[in-house]
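I wanted to look up how the two protein chains sit against each other and which parts of them lie beside the DNA. These are my notes, in the order in which I went through the points.

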Number of protein chains: 2
Amino acid sequence: MNQDSLRTFLQSTGSISAAQAADIAQTFCPRQLRRHELWLRAGKVSDEYLLLTSGYVRSFAYDTDGHDVTTGFFASGQVVLEVSSFFMRTPSQENFQALTDCSGWALSYAQLNGLFHARPEFREFGRGVLVRGFAALKTRMLEMITTPAAARYEHLLATHPDIVQHAPLKDVASYLGVTDTSLSRLRKAAAGKK
Amino acid sequence: MNQDSLRTFLQSTGSISAAQAADIAQTFCPRQLRRHELWLRAGKVSDEYLLLTSGYVRSFAYDTDGHDVTTGFFASGQVVLEVSSFFMRTPSQENFQALTDCSGWALSYAQLNGLFHARPEFREFGRGVLVRGFAALKTRMLEMITTPAAARYEHLLATHPDIVQHAPLKDVASYLGVTDTSLSRLRKAAAGKK
DNA sequence: GTTATTTCCTGCCATTTGGCAAGCCGGGCG
DNA sequence: CGCCCGGCTTGCCAAATGGCAGGAAATAAC
């Protein structure tokens with residue numbers, strides 16, 4: 001398994017040089033997931049920091065009525081991580097599942113802290129991942145409140161068409177905060193006006 | 001102005017000793033806000049990391065129709081911060097405004113980085129702030145999707161009664177993702193069933 | 001003290017969304 | 001080939017929510 005994509009990933013933010021990236025990459029372990037495989041089960045403490053290089057993952061939880069609710073999608077080039085469980089060492093409230101066959105590079109909590117301690121550049125990288133994730137979540141939150149469901153769907157389709165393509169409709173629906181029934185109607189309306 | 005509350009704050013997570021807290025506290029500057037005063041205006045880059053020791057602050061943005069939407073509330077004991085703008089040095093999309101007279105302790109971006117560099121324990125503290133903020137946002141996000149508006153209001157009332165008390169109804173309403181009209185009805189229904 | 005202004009409640013009606021159930025369609029399998 | 005099953009769509013109706021407007025009450029301004 002070749003580390004090119006991992007190294008590219010590490011250098012993507014600009015805070016890590018090629019030489020450093022090659023070095024840091026040694027600590028990561030290759031990781032494969034098969035379609036439908038559970039990567040993290042709710043109730044467990046997450047101990048894997050995963051850089052996804054191919055495939056799609058979704059995170060989900062159950063609402064008070066027991067309905068499966070998608071909380072996030074992850075595509076290649078992203079870090080798959082339940083921040084709260086991983087960093088606070090608390091049981092995860094969410095499940096993570098592979099939507100397609102996946103591959104990536106993994107790090108344990110101990111390994112990550114080791115790198116953080118030994119390599120200030122990697123610490124910068126880690127902070128960037130956290131901050132960007134935070135920013136993305138805030139943007140999505142704001143969207144949830146300010147824009148109607150139809151616009152949220154249009155936006156998702158425009159920015160992440162691959163996700164809509166690889167995830168079942170019901171998952172996209174619950175991610176958008178509507179039922180699959182409503183999303184189906186929204187799609188119909190969108191197609192009609194086009 | 002006395003630094004007791006600041007020191008207590010720094011020690012609250014357990015990663016900073018009393019002596020270190022006293023030392024670190026020297027870098028902070030006292031900061032006052034008057035009711036209705038704007039702390040950060042949308043479009044500006046945030047350069048202030050603010051530990052709030054008294055008072056209430058709210059953050060808000062405008063939706064596509066120009067409506068004022070509350071994105072968050074901050075009470076004493078919390079860090080008032082627009083993560084994305086502060087750490088990524090980008091213009092803020094949100095405004096921050098004091099709901100009441102406030103006081104706290106502030107740090108510039110440069111000062112914060114100085115402390116991060118010089119003091120590993122403070123770095124831990126900072127990561128904790130970020131991670132807890134992230135976790136809180138995720139919880140809120142999940143709530144937005146999984147629980148009805150009435151339950152969200154009940155929950156806010158149960159966990160942060162002080163916020164409901166100090167913020168005008170319309171701000172609470174937009175924070176919950178409903179209109180002030182709807183919130184007014186929800187309150188009536190809640191009162192009736194009690 | 002009086003006048004403006006803001007905040008909040010309420011009624012009426014339009015729109016959106018959900019729940020349910022039936023139907024359609026395409027893939028896997030005997 | 002024919003069957004079954006899961007994913008998606010659609011129609012019908014009920015419930016939740018929004019928009020608007022009027023009015024009461026509290027607050028601020030003069």
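The entries below go from the relation of the two copies to the helix pair between them and then to the two DNA strands.

Entry 1, the two copies. I noted at the outset that this is a predicted model. I then looked up how chain A is placed relative to chain B, and found that a turn of 180 degrees with a shift of 0.0 Å along the axis lays chain A on chain B with an RMSD of 0.0 Å. The two copies are therefore related as by a two-fold rotation axis. The same surface serves both copies, since 100% of the contact residues of chain A recur in chain B.

Entry 2, the H5 pair. I next asked at what angle helix H5 of chain A and helix H5 of chain B pack. The two helices, residues 120-146 in chain A and residues 120-146 in chain B, pack at about 25 degrees, and their axes are 10 Å apart. Angles under 35 degrees count as roughly parallel, and so H5(A) is roughly parallel to H5(B). The crossing in which H5(A) passes H5(B) is left-handed. Going through the residues, I found A:Leu130, A:Gly133, A:Phe134, A:Leu137, A:Lys138, A:Met141 and A:Met144 of H5(A) meeting B:Leu130, B:Gly133, B:Phe134, B:Leu137, B:Lys138, B:Met141 and B:Met144 of H5(B). By class, this contact has 10 nonpolar, two polar and two charged residues.

Entry 3, DNA strand D. Which residues are the closest to DNA strand D? I counted 16 residues around this strand, and the closest are A:Leu169, A:Ser184, A:Lys188, B:Ala149 and B:Ser182. Two or more residues each come from helix H8 (169-176) and helix H9 (180-193) of chain A, and from helix H6 (149-159) and helix H9 (180-193) of chain B. H9(A) provides the largest share of this surface, with six residues. Sorted by class, the surface near DNA strand D has six nonpolar, five polar and five charged residues.

Entry 4, DNA strand C. I repeated the look-up for DNA strand C, which has 14 residues around it, and those that come nearest are A:Ala149, A:Ser182, B:Pro168, B:Leu169 and B:Ser184. At least two residues each are supplied by H9 of chain A and by helix H8 (169-176) and H9 of chain B. Here H9(B) gives the most, with five residues. The surface near DNA strand C divides into five nonpolar, five polar and four charged residues.

Definitions and conventions:
Residues numbered from 1 in each chain as written. Chains lettered and ligands numbered in written order. Predicted model: local features only at pLDDT ≥ 70, side-chain atom pairs only at ≥ 80, totals over all residues. Least-squares fit on C-alpha atoms with pLDDT ≥ 70 in both. Contact = placed C-beta atoms within 7 Å. Near = placed C-beta within 6 Å. Helix = DSSP H or I, 4+ residues; strand = E, 2+ residues; numbered from the N terminus. Nonpolar A, V, L, I, M, F, W, Y, C, P; charged D, E, K, R; others polar. Axes fitted to C-alpha atoms, helices over the stretch in contact; angles between N-to-C directions. Parallel < 35°, antiparallel > 145°, perpendicular 65-115°, else oblique. Left-handed = near helix turned anticlockwise from the far one by under 90°.
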